[in-house]
Amino acid sequence: MAPQRSCAWRVVLSVSVWLSPIAAAKAEPPSAAAALTPRSVAAVTVRLADALRTEVAEPWPIEVAAAASEEFLGVGVESIERVTVIAEPPAGPLPLWAMVVHTSAQVSLDQLDPRLTAHTTPSELEGRPFLESQQAFLPSFCTLDEGTLAVGAKAVLRRLLKPRADAGAPDTGEPEAGEPPLASAMRTLGGDQNHLHGAVILEPLRPLIQLGLNQARGDIPPEGQKYLGAVDLVSGAVVAVDLAGERESSLTVYANDARDGDRLEGLILAAIDKLRANMFGSEEFQELAGSDDPIQRAMAEYSIRSFERQVARFTPRRDDDRVFLIGEMNVAEPDAAVYAASLGLLVALLLPAVQAAREAARRNVSMSNMKQILLALHNHHDTDGAFPPQAIRGADRAPLLSWRVAILPYIEEQALYDRFHLDEPWDSPHNLALLSQMPETLIDPSSGLDITEGKTHYLAVAGSDTLFPPGENGLQFRSMTDGTAKTLAVVQVDDEHAVEWTKPADYDVAAHAADPVAGIGSLHPGVFLGGYADGHVSAIPLDIDPATLKALFTRNGGEQVEAP
């Protein structure tokens with residue numbers, strides 16, 4: 001990652017952190033619904049200035065937030081009325097998000113710190129000034145009106161500006177007929193009056209969540225498998241936090257319908273019973289409870305009382321057939337600190353599972369990418385009678401372009417293929433200009449690289465006894481005497497080992513003979529992905545026996561090995 005890009009991204013994240021935990025206003029800030037797009041599925045809104053005036057905020061580093069606001073945004077933190085972060089369903093590897101900052105001051109793109117905008121170029125979007133990001137994973141900037149700054153993905157900013165361009169009626173904070181479900185959810189439970197209010201609609205995200213859960217299923221003990229079904233029972237959730245203690249703060253979960261509400265309640269109660277049994281049924285606890293020492297027995301009694309007290313806080317109260325209120329409390333009460341700590345502990349316990357699900361989803365997308373590449377290789381074989389050679393060569397037999405260019409027509413990229421000069425090297429002025437047009441199929445979604453950098457993580461296994469040996473001609477299936485299911489064709493490498501996708505460069509078996517995995521690195525925890533000549537893909541442990549991996553690299557070595 002380029003130093004400038006990394007610095008800008010850290011600055012944006014730092015400002016987001018300071019502007020996201022809370023929320024706003026000297027005058028009544030605009031409704032959070034004004035910051036939603038029709039496609040929004042999740043949002044968190046915070047009233048910053050108003051929250052900073054509460055007693056709860058006294059221990060916070062307010063001075064740091066104020067200095068950051070002045071330095072990076074050019075406005076005082078006391079003028080920031082509301083910050084709303086929204087997310088849309090992802091489309092490919094790029095996240096679709098935006099952060100909308102409503103202020104009582106005047107904001108302009110010119111007053112933003114250059115460290116935030118160094119990766120952008122001035123442009124125009126829906127008739128308004130626009131700083132367009134030149135790096136896909138970094139945000140663009142625009143102003144929605146003279147007091148509102150928007151930061152995020154260009155597609156989302158366009159949808160934010162479109163209703164204003166259409167000159168609709170001003171937002172009044174009242175529900176509108178036929179409004180998106182997320183807007184309705186953002187108005188419930190105190191909505192715009194809460195210091196923090198968030199909502200998520202799960203239905204559009206369910207396929208992605210299921211993708212991650214299915215991948216993670218094998219790592220979850222059998223007794224925990226049934227709880228994975230809870231995600232199918234929930235339609236959405238709303239979190240509401242009031243720092244002044246004027247109303248209860250809560251987490252509310254909505255089941256799809258009454259039947260799913262019954263099933264969700266059963267799963268929650270079963271999970272609590274399981275947790276209780278694990279805690280108090282253990283041999284250690286039984287020894288404590290049955291001890292002759294009265295202090296140890298008292299400790300066991302205290303443990304039970306403390307556990308049941310916390311369980312009571314987290315046991316959902318069912319308001320109707322499908323609504324579950326979880327963890328209602330008054331933040332201003334002294335006991336709230338204990339509750340918040342308990343909630344923080346719960347989040348800390350759940351975070352690894354969430355991260356694992358996210359990584360599993362990305363790994364599934366990467367496996368899908370690799371399967372598309374393998375299918376393209378097969379289609380090339382069906383059409384041309386052989387797999388593509390490792391390089392497209394010129395009249396002098398010098399390698400010019402990668403096999404990845406040769407398979408473009410088979411991954412629905414015929415138009416891009418036709419733009420290449422196949423008689424010129426990959427870095428000729430004409431062909432080099434196409435490097436940034438790399439198809440998304442060739443980038444791993446767990447990568448920190450920008451797709452416009454044109455580096456791919458999917459390399460052919462190249463070498464004298466591999467599927468991609470040196471030479472002008474591609475091989476046929478009959479050359480794989482070890483069996484197609486035991487011959488690796490493509491491996492997924494990490495960012496450090498990624499190569500320009502048009503360059504005839506791949507994983508060189510001979511160059512990494514001493515340590516085969518050294519040329520692959522680690523992008524996915526503990527594994528790398530391997531695509532076999534028969535079209536299947538598997539996750540291969542990084543600690544695989546080197547001899548086994550070398551055998552999988554060859555197509556005709558005669559080794560007797562089992563593919564992972």
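# Salt bridges, strands and surface in a predicted model

Glu308 is partly exposed, with 28% of relative accessible area. The structure described here is a predicted model, and Glu308 is a useful place to enter it, as its side chain takes part in a salt bridge with Arg276. The closest N and O atoms of the two residues are 2.8 Å apart. This pair links distant parts of the chain, with Glu308 in helix α10 (residues 294-314), Arg276 in helix α8, and their positions 32 residues apart in sequence. Arg276 is also partly exposed, since its relative accessibility is 25% and the partly exposed class runs from 20% to 50%.

## Confidence in the model

How far can the prediction be trusted along the chain? The mean pLDDT of the protein chain is 83, and 85% of the residues reach 70 or more. Two stretches fall below 50. In residues 1-27 the pLDDT is below 50, and this stretch has 75 contacts in the model beyond near neighbours in sequence. Residues 167-177 also have a pLDDT below 50, with 10 contacts counted in the same way.

## Salt bridges

How many salt bridges does the structure hold? The count is 17. Three of the pairs are listed below.

| Pair | N to O distance | Place in the chain |
|---|---|---|
| Glu308 and Arg276 | 2.8 Å | helix α10 and helix α8 |
| Asp260 and Arg263 | 3.6 Å | both in helix α8 |
| Arg158 and Glu126 | 3.9 Å | helix α5 and the loop between β4 and β5 |

The side chains of Arg158 and Glu126 meet in a salt bridge. Arg158 belongs to helix α5 (residues 154-165), while Glu126 sits in the loop between β4 (120-125) and β5 (128-133), so the pair ties together parts that are 32 residues apart in sequence. Both partners are partly exposed: Arg158 has a relative accessible area of 37%, and Glu126 has one of 32%.

The pair of Asp260 and Arg263 lies within one helix. Both residues are in helix α8 (residues 258-280), and because they are 3 residues apart there, about one helical turn separates them. Are the two partners buried or partly exposed? Asp260 counts as buried, at 11% relative accessibility, whereas Arg263 counts as partly exposed, at 48%.

Salt bridges can also share residues. Arg47, Asp50 and Arg53 are linked in a network of salt bridges.

## Strands β8, β9 and β10

Strands of a sheet pair through backbone hydrogen bonds, and the pairing is either parallel or antiparallel. Strand β9 (residues 234-241) pairs with two strands described here. With strand β8 (residues 196-201), β9 forms an antiparallel pair over 6 bridges, and Gly198 stands opposite Val239 of β9. With strand β10 (residues 249-255), β9 is again antiparallel over 6 bridges. On that side, Gly236 has Tyr254 in β10 as its bridge partner. Strand β9 is mostly covered, as 6 of its 8 residues are buried.

## A sheet of 5 strands

Elsewhere, an open sheet of 5 strands follows the order β19-β16-β17-β20-β21, and its pairing is mixed. Which strands stand at the edges? They are β19 (507-508) and β21 (537-541); each has a single partner strand, so one side of each is left without a neighbour in the sheet. Inside the order, strand β17 (residues 488-492) and strand β20 (residues 527-532) run antiparallel and are joined by 3 bridges. Val490 has Gly531 in β20 as its bridge partner.

## A buried residue and a surface patch

Ala406 is found in helix α12 (residues 403-406). Its relative accessible area is 14%, and Ala406 is therefore buried. What is Ala406 in contact with, leaving aside its neighbours within four places in sequence? The contacts are His380, Pro388, Ile392 and Tyr417. Thr502 is 96 residues away from Ala406 along the chain, and the C-alpha atoms of the two are separated by 9.6 Å.

The surface has a nonpolar patch formed by Leu208, Leu211 and Val365. Together these residues have about 200 Å² of accessible area. Leu208 is placed in helix α7 (residues 206-216) and is partly exposed, with a relative accessible area of 38%.

Conventions
Residues are numbered from 1 along each chain as its sequence is written. This is a predicted model: local features need pLDDT of at least 70, side-chain atom pairs count only at pLDDT 80 or more; totals for chains, interfaces and linings use all residues. Side-chain values use heavy atoms; hydrogens and water are left out. Patches are made of residues with over 30% relative accessible area and no salt bridge: like charges are joined within 9 Å, nonpolar side chains (Val, Leu, Ile, Met, Phe, Trp, Tyr) within 5 Å. Accessible areas come from the Shrake-Rupley method with a 1.4 Å probe; for residues, only the protein chains shown count as cover. A salt bridge is a side-chain nitrogen of Lys or Arg within 4 Å of a carboxyl oxygen of Asp or Glu. Helices (H or I, at least four residues) and strands (E, at least two) are DSSP runs, numbered from the N terminus. Buried means under 20% relative accessible area, exposed over 50%, partly exposed in between (1.4 Å probe, protein chains only). Two strands pair if DSSP finds at least two bridges between them. pLDDT is the predictor's confidence in each residue, from 0 to 100. Contact means heavy atoms within 4.5 Å.
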